[in-house]
Amino acid sequence: MAIPARPDSPPNPSPAGRPVPELDPAAVEQWQAGGGEIVDLLTQAHERLGGVAGFRLGTRPTVVVTGPEAVQHVLALHPDRYVKRSHRARLLIGDGVLAATGEAWQRQRRQLQAQFTGRGMRRYEQRIADAARTTAARWTAYARTGEVVDVGEEMRRFALDTIWRSLTGHPLDAGTERELAAVPAVVAALPRLPADGVTAQGAVAAELARIDAVAGRAIDAARAGEAGPDGPGLLHVLIEAAGTRPECTDRLIRDELVTLLVAGHETTATTLTWLHLLLERNPEAREQTLAAGAEGSPGRRQAVQALVHETLRFYPSAWILPRCAAQDDVLAGYAIEAGTDVLVCPYLTHRDPALWADPGRFDPQRFTTPGRRPAHPGSYLPFGIGPRACLGLQFALRESTVLLEQLLPAHTPRFRSLPAGAAFGITVRPDGPATAVLEPRG
């Protein structure tokens, strides 16, 4: 792709490689005139031009990457050449680990990594189980009374309870839950906010103030040594680190706390909501899962995990991963010049018929039957791959599995209303409520 040099920078020689194929400008103009979602433009580029495809919005060049080899090249093999710029959620998460770059990101990543792997994960097992039991008991009560519930809100409530217990050692109380409703409100608003930072902040100032107040109270309590009934949480780890790391200011502790709240409940809640909606359209998948083994058996657990993985194939937690080319490069034989916007799109990679047989069919057995899914690591990346892959991968899979092991054998949601489609923002989420009556099984 030929990209004009910036006027304030010296010209760079073009890297070796073929020009990236680009969508016809008329197709881009038609998309703009129709007011379509960005995913529609990315889909056109992918379907017409392949795994490395370009388009221009005005003079601004963008490359969408969906081919497995190219995905791995950008995210895993050469993350120094394709870097993150300012995160769209910085208004909410500040300098938390998702938005941090360079040495600051490396320090923050190292500090948190141990909390979400191996021994670190074991300290959260009981908290996850308690949150799942609380949700299961609530569903039993709903089923008894015939109350209509919003399944999406129920999944958000569970995921928020789980991450709150893990951060603070306390179960989620009603007051905190009400205040933290501001988090999904800001997340949903972010794609529509004006580009000007001051104006954008003003548009969600009330919600940000509520979030800051909750975070401030939690930090003060943890600093005062107020461990919850489950003992100290991850927030206590951040506060202890501040004693030896001068860069770990109160503001950074707040940013990490909010980052973990956002990443630790929004994506899990969305995945679990999609899973219930997919089971509504594919009831045989529920029966196959329950028939895979007795309660608590390895076979049942593997089948439940396969449900989660197939849901994530349809609706990955990170549906798009923006990067910027920091230097000239050759990607899958194509010339990429420094400054190019590069959009890795797991959503399209996961639906590519060249990689996945019958990709439009919900088939969890892809993940339990050898040879049924592509082997290349760049073919399946719901949480990203490479050094910036999601820290909470194991945590999210664990909490989803534990909850579903409780809910699937006990209740079947009978939906009264279904979302019309998907809304593509920071996450890809159902675009409306999913209300249901819970029918006891057996």
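Is L408 buried or exposed? This note reaches that residue in point 6, after setting out the overall fold, the sheets and the cores.

1. Overall dimensions. The structure is a predicted model. A compact globule of 442 residues would have a radius of gyration near 22 Å, and the chain agrees because its own value is 22 Å. The C-alpha trace spans about 65 × 55 × 40 Å along the principal axes of the chain. Of the 442 residues, 52% count as buried. The accessible surface of the chain comes to about 19100 Å², and carbon and sulfur atoms hold 53% of that area.

2. Secondary structure and contacts. The chain contains 18 helices and 12 strands. Among contacts with a separation of 6 or more, 73% join residues that are 24 or more positions apart.

3. The sheet of 5 strands. This open sheet follows the order β1-β2-β8-β5-β3, and its pairing is mixed. The edges are taken by β1 (52-57) and β3 (82-83); each has a single partner strand, so one side of each is left without a neighbour in the sheet. In general, strands of a sheet pair through backbone hydrogen bonds, either parallel or antiparallel. Here strand β2 (residues 60-65) and strand β8 (residues 341-344) pair in the parallel sense, over 4 bridges. Within this pair, V63 stands opposite V342 of β8. Helix α2 (residues 38-49) lies across β1, β2 and β8, and runs at about 135° to β1.

4. The sheet of 3 strands. A further open sheet has the order β4-β12-β9, with antiparallel pairing. Since β4 and β9 stand at the edges with a single partner strand each, one side of each is left without a neighbour in the sheet. From one strand to the next, the twist averages 45°. Strand β4 (residues 148-150) is joined to strand β12 (residues 435-440) over 3 bridges, and V149 stands opposite A436 of β12. The antiparallel pairing of β9 with β12 extends over 5 bridges. In that pairing, T412 has E439 as its bridge partner, and P413 stands opposite L438.

5. The nonpolar cores. In soluble globular proteins, nonpolar side chains tend to be buried together. The largest nonpolar core of this model has 108 residues, and those with the most contacts inside it are L42, L92, M155, L235, L261, W319 and Y347. Helix α14 (residues 250-281) gives the most to this core, with 13 residues. Apart from it lies another core, of 19 residues, including V63, V71, L331 and V342. The pair V63 and V342 has already appeared in point 3, where the two residues stand opposite each other. As for M155, its contacts beyond four places in sequence are W139, A269, L272, T273, H276, L403 and L407.

6. The residue of the opening question. L408 is placed in the loop between α18 (393-407) and β9 (411-415). L408 is buried, because its relative accessible area is 2% and the cut-off for buried is under 20%. Which residues does L408 touch, not counting those up to four places away in sequence? They are L279, R286, T289, L290, V304, L307 and R441. One of these, R286, is 122 residues from L408 in sequence, yet the C-alpha atoms of the two are 7.4 Å apart in space.

Methods:
Residues are numbered from 1 along each chain as its sequence is written. This is a predicted model: local features need pLDDT of at least 70, side-chain atom pairs count only at pLDDT 80 or more; totals for chains, interfaces and linings use all residues. Side-chain values use heavy atoms; hydrogens and water are left out. A nonpolar core is a set of buried Ala, Val, Leu, Ile, Met, Phe, Trp, Tyr and Cys residues joined through side-chain atoms within 4.5 Å. Buried means under 20% relative accessible area, exposed over 50%, partly exposed in between (1.4 Å probe, protein chains only). Contact means heavy atoms within 4.5 Å. Two strands pair if DSSP finds at least two bridges between them. Axes are lines fitted to C-alpha atoms, for helices over the stretch in contact, and angles run from 0 to 180 degrees between N-to-C directions. The radius of gyration is taken over C-alpha atoms; the globule rule is 2.2 Å times the number of residues to the power 0.38. Accessible areas come from the Shrake-Rupley method with a 1.4 Å probe; for residues, only the protein chains shown count as cover.
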